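Grab a pencil and try a few exercises on this structure. Each one comes with a worked solution, so have a go before you read on.

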Amino acid sequence: MEDEVDRLVAAWRRERPDLDVEPLEVLSRVSRLARHLDRARRIAFAEHNLEPWEFDVLTSLRRAGAPYQLSPGQLLTQTLVTSGTMTNRIDRLAKKGLVERLPDPSDRRGVLVRLTAEGRDRADQALAGLLAQERAILAELSRAERGELAGLLRQLTAPFDNVPS
């Protein structure tokens with residue numbers, strides 16, 4: 001089965017036979033897949049009236065476990081955005097009734113961001129929708145192939161994820 005990457009690699013081999021274009025065979029497919037995944041994610045989130053960034057914040061809180069709260073600093077670490085961006089995001093989610101700010105009992109000047117019941121429900125529903133989309137994307141692969149692919153991708157991404165910031 002030929003795909004678009006096969007066609008672009010063949011064209012580069014014809015036009016630039018002096019270059020080793022083998023990396024394109026893997027990374028162009030990863031890049032194209034990332035675009036398809038982004039589209040699927042946006043669809044899954046839109047069905048629950050969420051933006052991707054809203055899903056990221058809500059699910060960070062949901063994964064924290066009961067009582068589903070984190071400090072803004074912990075949210076920064078998990079979502080990789082600036083302090084100003086996170087403040088804006090918390091404000092917008094609070095206006096929607098999806099999170100609330102609470103005083104931090106261990107730091108009189110600090111606050112905690114807690115998921116509301118509605119925020120928890122929306123995060124759970126959006127996650128279920130996302131997983132359905134992602135299962136459909138992976139449907140052509142066997143369980144063993146999915147495991148092998150996950151391991152190979154982990155090997156490629158781990159050095160980026162383990163770089164001290």
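**Exercise 1: a helix with a bend**

Find where H7 bends, and see what follows. H7 bends by about 35° at Gln155, and a proline, Pro159, comes after that within four residues. Keep in mind that this is a predicted model.

Next, check the length of H7. Start with its 19 residues, 143-161. The expected span takes 1.5 Å times one less than the number of residues, so H7 should reach 27 Å. Now look at the end C-alpha atoms: they sit 25 Å apart, which agrees.

**Exercise 2: two helices in contact**

Describe how H2 (residues 22-46) and H6 (residues 117-137) pack. Begin with the geometry: the angle is about 145°, and the axes are 9 Å apart. Then add the handedness, since a crossing can go either way: for H2 and H6 it is right-handed. Now list who meets whom. From H2, the residues include Leu33, Leu37 and Phe45; from H6, they include Ala126, Gly129 and Ile137. Last, sort the contact residues of H2 with H6: nine are nonpolar, two polar and two charged.

**Exercise 3: an unusual loop**

Which peptide bond is cis, with omega near 10°? Take the loop between helix H3 (52-63) and strand S1 (69-70), where Pro67 lies. The bond from Ala66 to Pro67 is the cis one. Tyr68 is in the loop between H3 and S1 too, and its phi is near 60°, a positive value in a residue other than glycine. For background, most peptide bonds are trans, and most residues other than glycine have a negative phi.

Conventions:
Residues are numbered from 1 along each chain as its sequence is written. This is a predicted model: local features need pLDDT of at least 70, side-chain atom pairs count only at pLDDT 80 or more; totals for chains, interfaces and linings use all residues. Side-chain values use heavy atoms; hydrogens and water are left out. Axes are lines fitted to C-alpha atoms, for helices over the stretch in contact, and angles run from 0 to 180 degrees between N-to-C directions. A crossing is left-handed if the near helix is turned anticlockwise from the far one by less than a right angle, and right-handed if clockwise. Contact means heavy atoms within 4.5 Å. Ala, Val, Leu, Ile, Met, Phe, Trp, Tyr, Cys and Pro count as nonpolar, Asp, Glu, Lys and Arg as charged, and the others, Gly among them, as polar. The bend at a residue is the angle between axes fitted to the seven residues ending there and the seven starting there.
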